[in-house]
Structures are given as structure tokens and as C-alpha cells.
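Open the model in your viewer and keep the selection box at hand. Each stop below says what to pick and what you will find there.

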Amino acid sequence: MAKINMLQAINDALSTALETDDKSVLFGEDVGHFGGVFRATSGLLEKFGNERCFNTPLTEQGIAGFANGLASNGMTAIAEIQFADYIFPAIDQIINETAKFRYRSGNEFNVGGVTFRTPYGGGIAGGHYHSQSPEAYFTQTAGLKVVVPRNAYQAKGLLLASIRDNNPVIFFEPKRLYRANVGEVPDEDYEIELGKAEVVTEGTDITLLAWGAQMEIIENAADMAAKKGISCEVIDLRTLAPWDMDTVAASVKKTGRLLINHEAPFTGGFAGEIAATIQEECFLHLESPISRVCGLDTPYPLIHEKEYMPDALKTFEAIKASVNF
């Protein structure tokens with residue numbers, strides 16, 4: 001295995017996808033010769049030519065519409081939205097066309113070959129136009145899958161699975177981990193099954209659930225809790241739509257407690273959906289109210305980024321409150 005960072009793992013996955021599927025094309029703003037704003041597509045134009053890897057105009061709605069058109073004609077469309085904050089102009093195409101194409105045609109046609117890659121989240125001093133976590137806008141849209149990796153190994157396997165899945169996928173990449181996360185990644189082609197959570201650490205007192213960059217946060221909080229004698233079960237959700245209710249519910253029935261952490265704002269965040277479902281499934285097993293440690297209900301604040309972020313200390317305090325309830 002090579003020891004590489006998340007950006008390199010994503011680049012490797014894209015290269016593998018293009019090599020193994022001659023109907024696949026990669027496109028977006030600056031993904032060609034420039035290699036993408038974060039260099040995720042570096043070298044792919046030179047390797048596959050400008051018919052397989054090319055720049056688009058600066059129009060997210062156009063990128064999404066073009067992806068739908070390609071996929072409806074049997075192509076594998078891998079579209080990059082340069083920042084997740086920029087995805088909103090494409091919402092009409094993604095929600096009203098991408099997600100509903102198969103349903104409205106009675107499964108005669110589909111755009112299951114579409115994958116939208118987009119970097120999300122804060123922690124890079126990007127301000128309110130380069131730091132948002134909009135995953136919950138898409139999780140309630142039937143017809144879409146939503147996937148978020150936590151490290152380099154997951155990024156390659158989940159991205160390849162997303163590109164090859166016969167459903168449209170939005171693949172959110174935690175950009176603050178692009179170069180910060182380094183790990184062993186197999187050189188060969190592999191996939192990680194979508195829709196399956198991973199129990200990263202087993203525990204007995206409380207279940208901690210997150211995805212993407214916040215996994216490091218809850219793991220740090222779990223280490224702090226362990227020093228106080230609190231045993232945390234740590235779960236990476238990985239796929240938000242469809243999410244793995246069975247794995248989470250089984251854990252909560254064992255620990256009796258659940259804490260969910262995400263960067264997106266508290267109100268309307270995906271933690272609320274998880275909490276509602278788990279209280280229905282596990283009500284008689286709960287020892288305390290389900291906790292949510294999330295971003296604030298404000299625009300993403302550049303100057304107050306540290307205060308906004310749901311960090312390990314906030315999570316640790318919530319763990320203690322839950323266990324001592």
C-alpha cells in the first residue's frame with residue numbers, strides 16, 4: 001500500500017474510474033490543465049486527454065444539466081462543483097431532474113451514472129462562501145445518495161463505489177482533511193459498500209456518531225472521555241442517504257445513549273433526522289436524551305470560526321452531560 005493523503009486518494013480513484021470505464025468523463029471548473037482548485041484532478045487531462053477531462057464554464061446549473069444529459073445517454077458523468085457552497089445554483093437540476101429522472105419515466109430512462117463531487121466544510125478560514133456543510137439539503141430528496149468519507153482509504157473506496165453505483169450520488173469531500181489526512185491506501189481497485197456505517201471503536205457507555213471531518217473530532221472527544229472512565233462507541237455513518245439505521249440502533253440499544261456531531265447548523269441538520277428515528281426505534285433503551293453537537297444557527301463566521309465549530313471540547317462536555325443525566 002502507498003501512504004498518501006486524501007487528495008491523492010481521490011485523484012487515484014478518478015484515474016481508476018476513467019481507466020476502467022471508457023464511457024466515463026470528468027468535468028468542472030478548472031479541473032483540466034489547472035488540476036482543480038485543490039489539485040484533485042491534477043495530471044488527469046494529460047493522462048486521458050481533453051475529451052475525457054475538461055473545463056466547463058462557470059455555471060453550476062450548467063454543469064449539473066450537462067451531467068444529466070450525458071448520463072441520460074449512457075455516459076458516466078463525474079462532475080465537480082468547486083465548493084459545496086456553489087452547489088445552490090444547481091439545486092433545480094439536481095433535485096428536480098437528477099433525482100427524479102428515473103421515477104418520472106417509470107424507469108425507462110435514468111441518470112444513475114451521475115456523480116457530483118464537491119468539497120465541503122470549514123476549518124480553513126474560508127469564510128461564509130467557502131465553508132458551508134449543505135448535506136442536509138439533499139438527504140431528504142428521494143432518488144439521491146449522499147456520501148461523505150473520513151480519510152484517504154475511505155475516500156478512494158467510497159468514491160469508486162459512488163461513481164459505479166446505478167444511482168445519482170453527491171460525494172461530499174471534507175476539504176480540511178485533503179492534505180491533513182494521510183494513510184495507507186491500496187494501489188489496486190477497490191470499493192466500499194454504500195449505505196453501511198462503520199463501528200470504528202467499540203464501547204459500552206455512549207454511542208458517538210459523525211461523518212467526514214467530524215470523525216476526528218469525536219474520536220478526540222472519546223479519548224478525553226476514556227480518561228474519565230467513560231467508554232464510547234464511535235461510529236462513522238459514511239453514507240447519509242440511505243443511512244444505516246440498523247447499525248446505529250444496535251449500538252444505541254447496547255450503550256443506551258447517543259450523541260451526534262456535525263458541522264452543519266443545529267436547526268434542520270441531519271442529526272435531527274437521526275435523533276427522531278433512533279428515539280422511535282430505541283425509546284425503551286435510552287438512558288438519557290439524544291444529544292446533538294453541531295454548528296451554530298448563523299451564517300458561517302470567518303472571525304468566529306473557532307466558536308462556530310463543534311469541536312472536541314464541546315463534544316466532551318456533552319458526553320459527560322449525557323452520561324451523568
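**Stop 1: the annotated domain**

Select residues 4-180. An unreviewed UniProt entry annotates this span as "domain: Transketolase-like pyrimidine-binding". The model itself is predicted. Now pick the C-alpha atoms at the two ends of residues 4-180: they lie 10 Å apart. By content, the span is 35% helix and 18% strand.

**Stop 2: salt bridges**

Side chains of opposite charge can pair when their charged atoms come close. How many salt bridges does the structure hold? The count is 14. Visit some of them in turn.

Show the side chains of glutamate 19 and lysine 47. They meet in a salt bridge, 2.7 Å from N to O. Glutamate 19 sits in helix H1 (residues 6-20) and lysine 47 in helix H2 (residues 44-48), so the selection takes in distant parts of the chain, 28 residues apart, with glutamate 19 partly exposed at 49% relative accessibility. Lysine 47 also counts as partly exposed, at 48%.

Next, select glutamate 173 and arginine 117. Their closest N and O atoms are 2.6 Å apart, in another salt bridge. This pair links strand S7 (residues 169-174), home of glutamate 173, to strand S5 (residues 114-120), home of arginine 117; the two residues are 56 apart along the chain. Buried or exposed: which are glutamate 173 and arginine 117? Both are buried, meaning under 20% relative accessible area.

Move to aspartate 189 and arginine 164. They form a salt bridge whose closest N and O atoms are 2.8 Å apart. Aspartate 189 lies in the loop between strand S8 (182-185) and strand S9 (198-201), while arginine 164 is in helix H7 (residues 152-164), so the pair ties together parts 25 residues apart in sequence. Aspartate 189 is partly exposed, with a relative accessible area of 37%. Arginine 164 is partly exposed as well, at 32%.

Finish with a group: Arg150, Glu198, Asp236 and Arg238. A network of salt bridges links these residues.

**Stop 3: backbone exceptions**

Switch to the backbone. Most residues other than glycine have a negative phi, and most peptide bonds are trans.

Select alanine 241 and proline 242. The peptide bond between them is cis, with omega near -5 degrees. Proline 242 belongs to the loop between strand S12 (239-241) and H9.

Then go to arginine 39. Its phi is positive, about 70 degrees, although the residue is not a glycine. Arginine 39 is in the loop between strand S2 (24-28) and H2. It counts as partly exposed, at 37% relative accessibility.

Alanine 125 is not a glycine either, yet has a positive phi of about 60 degrees. Look for alanine 125 in the loop between S5 and helix H6 (136-139). Its relative accessibility is 53%, so alanine 125 counts as exposed.

**Stop 4: helix H9 and the charged patch**

Select methionine 245, in helix H9 (residues 245-255). At 26% relative accessibility, methionine 245 is partly exposed. Add isoleucine 163 and draw a distance: the two C-alpha atoms are separated by 23 Å, with these positions 82 residues apart along the chain.

Last, turn on the surface. Select Asp246, Glu273, Glu280 and Glu281, which gather there in a patch of negative charge. Which helix gives the largest share of the negative patch? Helix H10 (residues 270-282) does, with three residues. Glutamate 280 is found in H10. With a relative accessible area of 60%, glutamate 280 is exposed.

Technical notes:
Residues are numbered from 1 along each chain as its sequence is written. This is a predicted model: local features need pLDDT of at least 70, side-chain atom pairs count only at pLDDT 80 or more; totals for chains, interfaces and linings use all residues. Side-chain values use heavy atoms; hydrogens and water are left out. UniProt positions are given in the numbering used here, feature names are shortened, and annotations may be inferred rather than shown by experiment. Helices (H or I, at least four residues) and strands (E, at least two) are DSSP runs, numbered from the N terminus. Patches are made of residues with over 30% relative accessible area and no salt bridge: like charges are joined within 9 Å, nonpolar side chains (Val, Leu, Ile, Met, Phe, Trp, Tyr) within 5 Å. Accessible areas come from the Shrake-Rupley method with a 1.4 Å probe; for residues, only the protein chains shown count as cover. A salt bridge is a side-chain nitrogen of Lys or Arg within 4 Å of a carboxyl oxygen of Asp or Glu. Lys and Arg count as positive and Asp and Glu as negative; His and the chain ends are not counted. The place of a charge is taken as NZ of Lys, CZ of Arg, CG of Asp or CD of Glu. Buried means under 20% relative accessible area, exposed over 50%, partly exposed in between (1.4 Å probe, protein chains only).
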